[in-house]
Every structure is written in structure tokens, then in C-alpha cells.
Amino acid sequence: MRPFDTSHLATQFAEIASWLDETLDSGLALSLFPLRQGEFDSVCNVVPLVERFSVARVYGAQWQGLPWFDFRVHDYGRPWTGAAQFHKIQAPGILALDSAGTRDLQVVTAELMLLPTHWVFDPLTGSMLTSDLFGHVCGRAVQSDVTDWEQDMTTVQEHLVGNRYWWLPGARTTEIAEAIRQLFAQRTVNRIIPAHGAILEGEEVVTHHVEVVCSVIEVLGGEEPARPLSIGSGLPTTAPNHQSAPPRPTIPPGPVKRKLPRELQPGLNWLGACLEQRYKGQIFHSYNSVYVVSGTQRSVIVEGGFPSDLDVLDAQLDELLATGIPPVEFLFATHCETPHASGIGRFLQKFPKARAVGGVHDLHLVFPEFADRIQVPGPAGVSLDLGGGRFFRSVPAVIRDLTPTFWGFDTKAATLFPADGFSFSHYHSEAHCGLVAEEAGSLDMPDMTALFAELALIWTRFTDIEPYIGALEKLLSELGVELIAPTHGLPITDLAATVPQVVDGLRLGAWH
């Protein structure tokens, strides 16, 4: 038996476990297949399920395996019980339910996705598991009758654009709609099972909703293009006057310190570890960076860290604390994706007086024991007084995936924290780990930026990237940014030299 997506409600584990107890035949092996490996609502209960049941295998899109799922707070670091093994699976592919091959599931490409996503089709029952798509029918468990076309068109459009697919207006959507139609036309689908919303039951109902979704996608492509957020565009921000920004920062002299934590500027430290990525037979590295910004009175941890890095981050934080940095009172996550927020629960435990802010909108479901210390920003956005005239503030996220996403800005060092913006891989074989971008002289910045966009910023394949580049350049100018500290790239200290290369990479990987 193979459950798909394990919910992001940690409090739902008892309900899920009870259902599995009633459903599983004695001695039947259980496997898990989270369809979106990087999102909490898909993976939150993987570890508890592995430990509660005899889970044989866990499938996923990322080859690094089980460490993606271990963001436990109280038992982090304790070896998992059970003998689950991780298996990377790619679409299209076949997932055998038994060794005799009597029943197979088809792993198919999700033709519309925000982040790497699988769909699964069960030929025996005609069931298509569609993860985050087709979740627009609410208020009932099963939809088994054809509903009003016009009303459904309105509902689907509001659901797509208002939740995850903000980039569809004005995008190149015809090929997406046609690919979805073909996927269903090639199979006898009697049932659509989304991760959220009602099950769509019956071939006629399935046909209706597939055509509604595809029609809406096509209509959105002909509308006014989605525009990137910018200062004054409606997202609250308290950006400082860039004229008061300090002079361009320089890396402290002396031998390059490749071991993290590394001080980029006084009161600004870089933490984290590399994540290996395999692509077309090559191994690249990419950071899941965390930063600590300290004023004279308080410190803020920027980003929550990747699950497999939490023990490393814990040691790095202890090293910084031993130097006498001000107490950590704030945790800022840019958005609720596991590479950006997995350590928030662990950090809230480590720093009992700290509170989590920023793009933390679902984290009260992931870490319910800390719900009272997880604070979603109000209309004024985020403005944290760190002491000594140093403020950490939220600014609009020009390049993003999940909604909502916040970028951050350190007023003292004029440093931008752009989450998934300025993301690029680097070459471990050439000792780029721990370097700032300008020190990695052999790095092909445009190519590595395009590679990251291909793997993670999937929406850039279907949209005109130029408005986003323009908004990005405007933001850098208005804020007076002098240093860029991305989550998934090397820090950038010479904007004039490096930003054009990143922009070239965005253009290289984008729709032309």
C-alpha cells in the first residue's frame, strides 16, 4: 500500500495513523510517496509514519533521500526506527505495488507545477492523483455531479491565481493546457484525487473539470501579464532611504575562510552547508544558506535551514554565540518551503524568547507547539529593531515561487536577502564552497543560474522575464543594495560585476 502526501498538519498524525491501522492488512508492507518533496503539506508526517508503521520505502523526486523529511523538534538527530529506504523516482515511470508485477502505478509528469511535482495514475481504478491541481472544489468530500460551467470557470481562476499560480496571467499557457488535455485523453480517468479539495468522481465529472481547468489556463494566457511586486506596488514595506546606505562592503582581508560560519560584514554572518545536485551525470553543489544579522542588542536568524543541515547549523550557531553576539530574538523565514523553514521549530526551541516572522503562514500547522510564537506579518510588513540603528525589514519578493514570499533587507550593511532570487549552483570540485561569488573565478555564473531556474523556478519557462529583471534592477537601486545574500547561491559583494551575469542566466533559462 502506498499513501501519497502526508499532510502538513502535525496534529493530523493520529487521524492518519488510525485510518492506516484500520486499512492495512496484517503483514502488508507500506511505502510512502510524497508528490511534492519540498513542501510541508506533502511531507510533514513522513517521519512519524515511518516510525509508526513498517514502511519499506519512501519515494521522492530528489535523490538526497530521507534527510529531506527530518525536521523534528524534540527528537532531531535520533536515528529513525524502522528500515525504510529511499528511492528516487522520475516521471514518466512505473511504480510496482508488488514484486510479482500484478499491479503497477504510472508516475506521470505534472504538466502544471510551481515546484517539482509528480502525479500518479492508477489504471486499475482509473484514479489520477493530481497533488496541488484540481483542488478548487471545497465544502464536500466528493463531487459526483456536473456543476455550472461559468461558476466553475470563475472558481478555478480565483483558485489558481489566488493561491499558487500567480504567474499564469499573460504567460505562454496554450502548451500547458494542451499537455494536460493529452495526459487525460491518453488514459481512462474516472476519478481525480487532489491533495486538497473534493475528490472529483465519475468520468463525466472528470471530463468537465479537466476542460474547465484547461480553458481557464488558456484564458489567463491572454490576459494582462502578471507583474512582479515592487516597492509601492501594494505589498507593504518599510524600505529605508537608499541615500543613507553605507559605502560598498568589502570582505575582511586575509586568507579566504571557506569554513562556515563566515563573517561577510560586521554583524553579518553566513551559515549553512552545501547540498549535492546530480544533473545529466554531473554533480553540482548548491547552498541552503542561513544568515545571522546582529545589531547592538538583538540578532535575527534569516531563513530556517534545510532539514539535513540542522545539526550543522546548531553547531555553527553555538560557535557564533560563543563569540558574544547579541541574543537571538527573531527568526525570519522568507517562505514556507522545507529548504527555507525546516529549522524554525528547532530554533524556537533553542531560543525560547525568539519569535518567528516573515513568510511563516503555515508553520503553526507544522510546529503547533510553538503556534503562539509564529507571527504572520500584518499590513506594515516586518521591521525588526536590532539596536544601534540597525533594522531588518521585509521588502517585496520580485522573484519567488510560493505565495506569500518575503525578501529581507539589512539597513546597516545594505544587504538584500532574496530567498530564491540570485540562485545558482557552484562547482565543489573547484573549491567554490564557502566563497563569495567574486572569489569563484572559474564559475560559469550564467549557466549555473539558468540550471537552477530550470530545476526550481519552473514558471520562468512560460513567462516574459524582462519585467522581473526590470523590477529587480529598480529594487536594487531604490534600496541602495551593496551586498546580496541569497539562500541558494554564493553571496554577491560586487554587484556591478556579478549581477549582470545572473541576469544573463535568467534570460538564458527563460521563455524567449
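Y291, F332, F392 and F417 form one aromatic cluster; rings of Phe, Tyr and Trp (its six-membered ring) count as paired if their centres lie within 6.5 Å, with planes under 30 degrees apart called stacked, over 60 edge-to-face and the rest tilted. The model is predicted, so that local features need pLDDT of at least 70 and side-chain atom pairs count only at pLDDT 80 or more, while totals for chains, interfaces and linings use all residues. Residues are numbered from 1 along each chain as its sequence is written, and side-chain values use heavy atoms, with hydrogens and water left out.

The structure holds 17 aromatic pairs. One of them joins F40 and F71, which meet edge-to-face with 5.1 Å from centre to centre and 85 degrees between the planes. Because F40 lies in helix α2 (residues 40-43) and F71 in the loop between β2 (55-60) and β3 (85-88), this pair ties together parts that are 31 residues apart in sequence. Helices (H or I, at least four residues) and strands (E, at least two) are DSSP runs, numbered from the N terminus. Both F40 and F71 are buried, a term for under 20% relative accessible area, with exposed meaning over 50% and partly exposed in between (1.4 Å probe, protein chains only).

Within the cluster, the ring centres of Y291 and F417 are 5.4 Å apart and their planes stand at 65 degrees, so this pair is edge-to-face. Y291 belongs to strand β15 (residues 290-294) and F417 to strand β22 (residues 415-417), so the pair ties together parts that are 126 residues apart in sequence. Y291 is buried, with a relative accessible area of 1%, and F417 is buried with a value of 1%.

F40 and F71 also appear among the neighbours of T338. T338 lies in helix α8 (residues 338-341) and is buried, with a relative accessible area of 0%. Leaving aside residues up to four places away in sequence, T338 touches Q37, G38, E39, F40, V43, W68, F71, G305, F306 and P307, where contact means heavy atoms within 4.5 Å.

A helix pair completes the picture. The axes of α4 (residues 149-163) and α6 (residues 203-221) come within 9 Å and cross at roughly 60 degrees. That makes α4 oblique to α6, since angles under 35 degrees count as roughly parallel, over 145 as roughly antiparallel, 65 to 115 as roughly perpendicular and the rest as oblique. Residues in this contact include W149, M153 and L160 of α4 and H208, V212 and V216 of α6.

Terms used: Axes fitted to C-alpha atoms, helices over the stretch in contact; angles between N-to-C directions.
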